[in-house]
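Good morning, colleagues. Please take a moment with the sequence and the model on the screen, and I shall then walk through some parts of it.

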Amino acid sequence: MSLSASYNLLHEPWLPVRRRSGGTVVWIRPAEITAAPEDPVADFAWGRPDFDAASREFLIGLLATALAPESDDVFDAMWESPPDTVQLDRAFAPFAFGFNLDGDGPRFLQDLDVLEDAEASPVSALLIEAPGANTLKENKDLFQKRGRVPYLGLPAAAIALYTLQTYAPSGGAGHRTSLRGGGPLTTLVEPADPTATLWQKLWLNVPKRKWRKPEKALPLVFPWLAPTVTSDGKPPRQVSPENSHELQSFWGMPRRIRLDFAEDSKSPPCPLTGKPSPRMVASYRTRPYGVMYTAFEHWLSPYYKAKANDTSWLPVHPQPGGIAYRDWPKLASLGTSMARPASCVAIAVAGRLPSLPGFGSRHPRLAATGYDMDNMKARGFVEARMPIFLPKPEWQQQFYQAAANLVASAELVARLTASSVRHAFEGDHGDAKSTPYEGLRERFYAETENEFYGTLRQIEESAAFDGAAWLRILRGTALRLFDEKVPLENLPDKLIDRSVKARAGLTAALAGFGKVGGSFYTYLGLPPPESRPKSPKPARSTRKPSGDKK
């Protein structure tokens with residue numbers, strides 16, 4: 001095969017998937033996601049969660065570009081009767097020339113300039129978890145070793161490139177982040193049915209078309225079809241929906257990159273996929289000051305405000321501790337004045353799901369994914385799923401308010417439990433954000449998660465919020481965790497008095513006393529207690545000093 005031949009991402013079977021029946025991985029073209037309906041494609045199978053997540057975004061972006069429904073009726077019809085491979089090929093055809101990974105013309109997600117004078121970087125640096133230059137220089141690549149990925153087959157190179165451009169973290173001076181910042185959180189709506197097809201998982205998240213036809217403005221949709229809008233000026237040039245196209249949110253290109261291709265007649269297996277490849281990518285060239293984005297609001301990401309009087313919304317990024325039910329109101333409800341879910345979720349909750357044929361009363365799910373980044377260092381890749389509730393319209397507001405109160409009360413008790421343990425061990429001088437106490441808070445959420453969603457199901461069915469029942473759950477969990485972490489019978493004498501006071505304070509707050517207890521009961525909708533209990537007297541140790549044998 002000649003180096004000048006084009007590897008087209010709409011024509012080549014470069015996406016690994018599994019079918020509903022399981023079995024071995026199958027490689028398909030994008031148009032084949034609906035092929036063989038008797039054993040449909042269930043999901044991607046890269047063996048890496050970041051590549052699977054990026055592949056879903058790639059296909060959702062492709063469907064939005066080529067096949068976005070113009071009405072709810074069209075959306076419903078294609079949900080029930082997906083287009084076949086021939087129809088998808090026909091829809092994708094006008095955009096095919098923009099999906100060449102190599103060749104002499106424009107290359108998918110790569111700079112139009114060949115960047116000949118740029119220094120070559122190892123292809124492993126396309127992987128977001130790869131150690132950076134400083135880490136390698138200081139020999140600190142202890143967990144992500146250098147040299148493990150000396151080259152990539154073309155499928156892995158393509159998805160690694162898309163993953164980096166879509167989630168691009170900060171990478172040093174001039175290396176721009178993705179249009180949602182470094183390592184954004186993506187949330188998708190999934191059917192409740194565990195046997196749902198890949199088409200159903202993707203189509204649920206495709207936006208209804210509200211933009212000018214992309215065929216008329218392809219260089220504004222696919223930025224690699226034109227010279228890069230660089231951002232090295234003062235002030236730097238910025239790209240927004242107003243001076244480009246809304247669909248560029250799926251095809252952002254913040255990094256200036258050109259892949260270097262090579263051939264190997266031995267067709268060695270790709271280190272990531274195991275798929276033999278006579279052609280491979282061993283290096284790439286890059287320059288700083290690629291596209292600098294502003295004002296885009298991505299269809300698949302939730303947003304928040306840092307301050308109440310802010311006029312701009314910021315994309316949510318995963319944080320240490322992952323995703324827990326404390327995040328549910330921000331990700332899976334109608335949103336608040338300070339946080340709003342991804343547009344795909346908001347549309348689904350507000351009307352798309354309840355009216356969709358075949359959904360019935362089953363709860364769809366929200367799938368949240370994204371890199372947890374510490375500046376340019378990946379701490380991990382976050383994956384979480386949580387139910388989406390569809391309360392009746394007449395009590396929708398009460399339902400979401402009750403959910404917010406459940407979370408607010410749980411957050412308060414989780415913090416209180418961790419701070420009580422900290423006071424027992426360290427008094428007023430401990431660091432509440434140190435790892436043991438943060439871990440205790442996360443455990444609190446994990447151990448009350450089932451009860452949280454169970455309580456939401458009850459409220460969804462009856463519109464009744466039993467604050468006393470939620471109080472018993474939180475109180476029982478808080479005292480059990482405290483007693484586990486602060487076992488009085490095993491403590492040294494110097495900690496006994498402080499620990500008894502800390503437990504008494506926790507118990508009093510859980511009974512509604514004090515400022516914290518008052519807020520707690522307000523969230524629960526419970527009346528305040530009638531009187532405050534007497535302060536406990538410090539316990540006196542009955543142990544004899546060590547060395548006293550009498």
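**Strand 8 and its partners**

I begin with a single pair of residues: S121 has Y284, in strand 8, as its bridge partner. Please bear in mind throughout that we are looking at a predicted model.

That pair belongs to a longer arrangement. Strand 4, residues 120–122, runs antiparallel to strand 8, residues 279–287, and three bridges join the two. Strand 5, which covers residues 152–153, also pairs with strand 8 in the antiparallel sense, here over two bridges. Within strand 8, the residue opposite G153 is M280.

How many bridges link strand 7 to strand 8? There are eight, again in the antiparallel sense, and strand 7 comprises residues 256–263. One position to find on the screen is R258, whose bridge partner in strand 8 is R285.

Let me now turn to helix 13. This helix runs from residue 493 to residue 510, which makes 18 residues. At 1.5 Å a residue, a span of 26 Å is expected, and the C-alpha atoms at the two ends are indeed 26 Å apart, so the expected and the computed values agree.

Which residues of helix 13 are buried? They are L495, I496, S499, A502, L506, A508, A509 and L510. As for what covers these buried residues, the cover includes helix 10 (396–426), helix 12 (467–485) and helix 14 (514–524). Just after helix 13 comes G512, with a positive phi of about 100 degrees.

Finally, I place these elements in the whole chain. The protein chain holds 14 helices and 13 strands. Its C-alpha trace spans about 90 × 60 × 55 Å along the principal axes. Of its 550 residues, 49% count as buried.

Where do the contacts of the chain come from in terms of sequence? Among contacts with a separation of 6 or more, 75% are made by residues 24 or more positions apart.

Two further values concern the surface and the charges. The accessible surface amounts to about 25800 Å², and carbon and sulfur atoms contribute 51% of that area. The chain carries 67 positive and 60 negative charges, and the mean positions of these two sets lie 7 Å apart.

To close, I would ask you to return to strand 8 on the screen and trace its antiparallel pairing with strand 4, with strand 5 and with strand 7. Thank you for your attention.

Technical notes: Residues numbered from 1 in each chain as written. Predicted model: local features only at pLDDT ≥ 70, side-chain atom pairs only at ≥ 80, totals over all residues. Heavy atoms only, no water. Helix = DSSP H or I, 4+ residues; strand = E, 2+ residues; numbered from the N terminus. Buried < 20%, exposed > 50% of the residue type's maximum accessible area, 1.4 Å probe, protein only. Contact = heavy atoms within 4.5 Å. Areas by Shrake-Rupley, 256 points an atom, 1.4 Å probe, with all protein chains shown as cover. Lys, Arg positive; Asp, Glu negative; His and termini not counted. Charge placed at Lys NZ, Arg CZ, Asp CG, Glu CD. Expected span 1.5 Å × (residues − 1). Pairing = 2+ DSSP bridges.
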